Amino acid sequence: MPIAERVLVHTPPKPYPVVIGPGIATELAALLDEVGFSRRRVIVSSPTVWRLHGETIRRGLPDAPVILIPDGERHKHLQTVGRVYDALVKAGADRSAGLIAVGGGVIGDTAGFAAATYLRGIAVAHVPTTLLAQVDSAIGGKVGVNHPLGKNLIGAFLQPRLVAADPLVLATLPRREFRAGLYEVVKYGMTSSRDLFDRVSGSVKALFRRQPDALVPIIAESSRIKADVVARDERERGPRRVLNFGHTAGHALEAVTRYKRFRHGEAIGYGMLVAAAVGVARGVLAPAARDALADLIRRLGPLPPIADLAVGDMLEAMRRDKKVVDGRLHYVLATDIGAHAIVDDVTERELAEALERVGFGR
Ligand SMILES: NC(=O)c1ccc[n+]([C@@H]2O[C@H](COP(=O)([O-])OP(=O)(O)OC[C@H]3O[C@@H](n4cnc5c(N)ncnc54)[C@H](O)[C@@H]3O)[C@@H](O)[C@H]2O)c1
Ligand SMILES: [Zn+2]
């Protein structure tokens, strides 16, 4: 087995490993055996991912049946989950079966939800193939699908038994998808780890070249941060909220553009700039730290334009946000590079000013 990093996620019923290593996608059988994963293994993937990486996965798991479902956000709904159920029933899968989700966040969330609900729950393992899935969605046990009237409205919690993140599979990821994942890495750095922030900043070129020696440490450090937060707060009642840094304005931006203009991570890029502007205006974040964030976001690549989007529409979308609890918006502020505070007294006026400063229109 090639050299791999391991991060343990301490959640009930028992801790599970996130294994990060170049080439581990060919070693899945050994990793699954090690965690005592079901022997009745069923792979769920998408035609795109399977065309690119099926052969690699097959080397370790030659006999597992494969269920292919379409990926892309517009297929993340209950009908797609239904297709997984159909295939499981036809294959005679019983409670001892275990699903192995091979794909981006859409496949992980959809297959994970199928696993959480089929026969009231079977085991799942994640083999995330996008950077976003490797550093974020595969870890933490949130699974689910969209409802026609809103994103991620239908879901469950199901912690995986194993997450196997192979940076080599990222070689085929379109540049824009890759960049979108990097913004989430920047989020972890900005809120929780100056080391990580500096590392991304110092290896932008190597990262875009998808060099495993550059990728492994940032995936591992991001996983550690997410694992730590998830272990302290499995159901997102308190500390897990830190993961929402940049997501208040980010989610609003996705909503006002009907999920068409931005990849999620790109919207978070702007959301972090808005949060930094709020922080500077409040005097809790030094302008130099905000500038370092803005500079890194700029260096990671062009973000789609926002000048045609109105501050008022953004505020309207934020009012409907899931992060509003009992009428109060829980808002994550960066207080330095690698440090944060969660507050619930950010006013609309502050948000409006920050949105304007970042470049939203009137
Ligand atoms: N469960 C969670 O905690 C959590 C956290 C964050 C995001 N999410 C969810 O994750 C989803 C987004 O995930 P995503 O960004 O991975 O998008 P995605 O799953 O839609 O994948 C993006 C695109 O990349 C392609 N792709 C995947 N792997 C590839 C590879 N190795 N090479 C080439 N192409 C590849 C896919 O076919 C797809 O077209 C959203 O639905 C979001 O709600 C969930
Ligand atoms: Zn996110």
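Biologist: Which residues line the largest cavity?
Modeller: This is a predicted model: local features need pLDDT of at least 70, side-chain atom pairs count only at pLDDT 80 or more, totals for chains, interfaces and linings use all residues, and side-chain values use heavy atoms, leaving out hydrogens and water. Residues are numbered from 1 along each chain as its sequence is written, while chains are lettered from A and ligands numbered from 1 in the order written. A cavity is a set of points, on a 1 Å grid over the protein atoms alone, where a 1.4 Å probe fits but cannot get out; lining residues have an atom within 4 Å of a point. For the largest cavity these are Ala 101, Gly 103, Gly 104, Gly 105, Gly 108, Asp 109, His 126, Val 127, Pro 128, Ala 133, Ser 137 and Ala 138.

Biologist: Which elements each supply at least two residues of that lining?
Modeller: Elements are DSSP runs numbered from the N terminus: helices (H or I, at least four residues) and strands (E, at least two). Those that meet the mark for the largest cavity are strand 5 (97–103), helix 4, strand 6 and helix 5.

Biologist: What is the volume of the largest cavity?
Modeller: The search covers the whole structure and finds 3 cavities of 30 Å³ or more. A volume is the space filled by probe spheres set on grid points, joined across faces, edges and corners. For the largest cavity that comes to about 50 Å³.

Biologist: Which residues of the 27 around ligand 1 come nearest?
Modeller: Near means a heavy atom within 4 Å. Within this shell of 27, the nearest are Asp 71, Glu 73, Gly 105, Thr 130 and Thr 172.

Biologist: How many residues does helix 2 give to that shell?
Modeller: Four elements give two or more: helix 4 (105–117), helix 5 (131–137), strand 8 (150–157) and helix 2 (47–60). Helix 2 has the largest share, with 4 residues.

Biologist: Which residue has a side-chain N or O atom 2.6 Å from a nitrogen of ligand 1?
Modeller: Polar contacts here are pairs of N or O atoms within 3.5 Å. A backbone N or O atom of Gly 105 lies 2.7 Å from a ligand oxygen, and a polar side-chain atom of His 53 sits 3.5 Å from a ligand nitrogen. The 2.6 Å pair belongs to Thr 172.

Biologist: Where are the protein donors of the zinc ion (ligand 2)?
Modeller: Donors are N, O and S atoms within 2.8 Å of the metal (3.2 Å for Na, K and Ca); water is not among the atoms, so sites may look incomplete. In sequence the donor residues follow E-x62-H-x16-H. Two of them link distant parts of the chain, 63 residues apart: one in helix 6 (residues 175–192), one in helix 10 (residues 247–256). At 2.0 to 2.1 Å from the zinc lie Glu 184 (OE), His 247 (NE2) and His 264 (NE2).

Biologist: Which two residues does a cis peptide bond join?
Modeller: Omega is about 0° at this bond. One partner lies in the loop between strand 1 (5–9) and strand 2. Both are among the residues nearest the centre of the second largest pocket, along with Gln 159, Pro 160 and Arg 161. The pair is Pro 12 and Pro 13.

Biologist: Which residue has a positive phi although it is not a glycine?
Modeller: Look in the loop between helix 4 and strand 6. Phi there is about 60° at Arg 120.

Definitions and conventions:
A polar contact is a pair of N or O atoms within 3.5 Å; within protein, one must be able to donate a hydrogen and the other to accept it, and residues adjacent in sequence count only if both atoms are side-chain atoms. On a 1 Å grid over the protein atoms alone, a cavity is a set of points where a 1.4 Å probe fits but cannot get out, and a pocket is an open set with protein on both sides within 12 Å along at least five of seven lines; lining residues have an atom within 4 Å of a point.
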